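User: I'd like to learn how to read a structure like this one, feature by feature. Can you take me through it?

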Amino acid sequence: MKKTKKWKWTEVIAIFIFASLLISLVFSIYNLFTTPSTGVPEGDPTRSDYALMVSQCVLGLVAMFLPAIVGRRFKFEIPGNMYLIFIIFLYCAIYLGEVRSFYYLIPNWDTILHTFSGAMLGALGFSIVSFLNEDERVTMNLSPAFVALFALCFAVTLGVVWEFYEFTADNLFGMNMQKTMLEDGTKLAGTAAVSDTMEDLFVDFLGALTFAVIGYLNLKRKKGWMEKFEFKKTVHKTVKK
């Protein structure tokens, strides 16, 4: 008797998020080519807004498959809970944030997501160190303090790289990822023009620092709950002939 596949919540949510991003991508591409470059009614999305949606949706779709691709390349598996948190973050940042304009509608939406991403990248830093420790070709005996410092620096560095990406996209494609313009197109100047970037970097650091401290205490006291965030080596079963 053929067994029916049981769907897991992670798979269901992943399909829902993939469909949301794909539909949003098609919608944004259509509006990108049909929206006039000038004369758009005040308050309506402009071509640059749709260009931003297209780039973000493409980035989100690629990011959804990136963990599986990297995992196959380096022979490790990402814990289901960690992947679930990752794709929910993508949904909140791209679909809700850009497509549904939560960045403008919900106060501090960007700040909340950047704080969360800092903590999430901190967890990724811990996972990388743990994965390398399990590799027989690498001999390491790192102190909890050094592991926590690495996770902090790893998360903050990726946060800086993301700001580089936003700056490049804004200058090349006329986007507003760094929020140097108001929703009506008014350009900001001086401290106001860089406040979003500096706030993002600060909360990235704060989120990463919080997780680094928690991770340090966990390693120091050997609680073991950090294992939920650790990568697992892929085990290939040999088939006997």
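User: What share of the 241 residues of the protein counts as buried?

Analyst: Buried means under 20% relative accessible area, exposed means over 50%, and partly exposed is in between (1.4 Å probe, protein chains only). Here 38% of the 241 residues count as buried. Keep in mind that this is a predicted model, where local features need pLDDT of at least 70, side-chain atom pairs count only at pLDDT 80 or more, and totals for chains, interfaces and linings use all residues. Residues are numbered from 1 along each chain as its sequence is written, and side-chain values use heavy atoms, with hydrogens and water left out.

User: How many helices and strands does the protein have?

Analyst: Helices (H or I, at least four residues) and strands (E, at least two) are DSSP runs, numbered from the N terminus. This protein has seven helices and two strands. Starting at the N terminus, the order is α-α-β-α-α-α-α-α-β. The C-alpha trace spans about 70 × 55 × 30 Å along its principal axes.

User: Into which domains is the protein divided?

Analyst: Domain bounds come from an automatic or database domain assignment. In this case you get domain 1 (8-86) and domain 2 (107-229). Their C-alpha centres lie 20 Å apart. As for contact, meaning heavy atoms within 4.5 Å, 13 residues from domain 1 and 13 residues from domain 2 take part.

User: Why does the largest nonpolar core lie between the domains?

Analyst: First, the idea: a nonpolar core is a set of buried Ala, Val, Leu, Ile, Met, Phe, Trp, Tyr and Cys residues joined through side-chain atoms within 4.5 Å. The largest one has 33 residues, and Leu21, Met64, Ile87 and Leu113 have the most contacts inside it. Two or more residues come from each of α1 (9-34), α2 (47-74), α3 (80-99) and α5 (109-134), with the largest share, 12 residues, from α3. Domain 1 and domain 2 both give residues to this core, so it lies between them.

User: Which residues does Leu21 touch?

Analyst: Leaving out residues up to four places away in sequence, Leu21 touches Cys57, Gly60, Leu61, Met64, Ile94 and Tyr95. There's also a second, separate core of 18 residues, which includes Leu121, Val147, Ala148 and Ala155.

User: And the surface: which residues make the nonpolar patch of about 300 Å²?

Analyst: Patches are made of residues with over 30% relative accessible area and no salt bridge; like charges are joined within 9 Å, nonpolar side chains (Val, Leu, Ile, Met, Phe, Trp, Tyr) within 5 Å. A salt bridge is a side-chain nitrogen of Lys or Arg within 4 Å of a carboxyl oxygen of Asp or Glu. Accessible areas come from the Shrake-Rupley method with a 1.4 Å probe, and for residues only the protein chains shown count as cover. Here Phe205, Leu209, Val213 and Leu217 make the patch. Leu209 sits in helix α7 (residues 191-221) and is partly exposed, at a relative accessible area of 32%.

User: Now backbone angles. Is Asn108, with its positive phi, buried or exposed?

Analyst: Asn108 isn't a glycine, yet its phi is about 65°. You'll find Asn108 in the loop between α4 (102-105) and α5, and it is exposed, with a relative accessible area of 53%.

User: Where is Lys179 placed?

Analyst: Lys179 is in the loop between α6 (144-173) and α7. Its phi is near 50°, again positive in a residue other than glycine. Lys179 counts as buried, at 16% relative accessibility.
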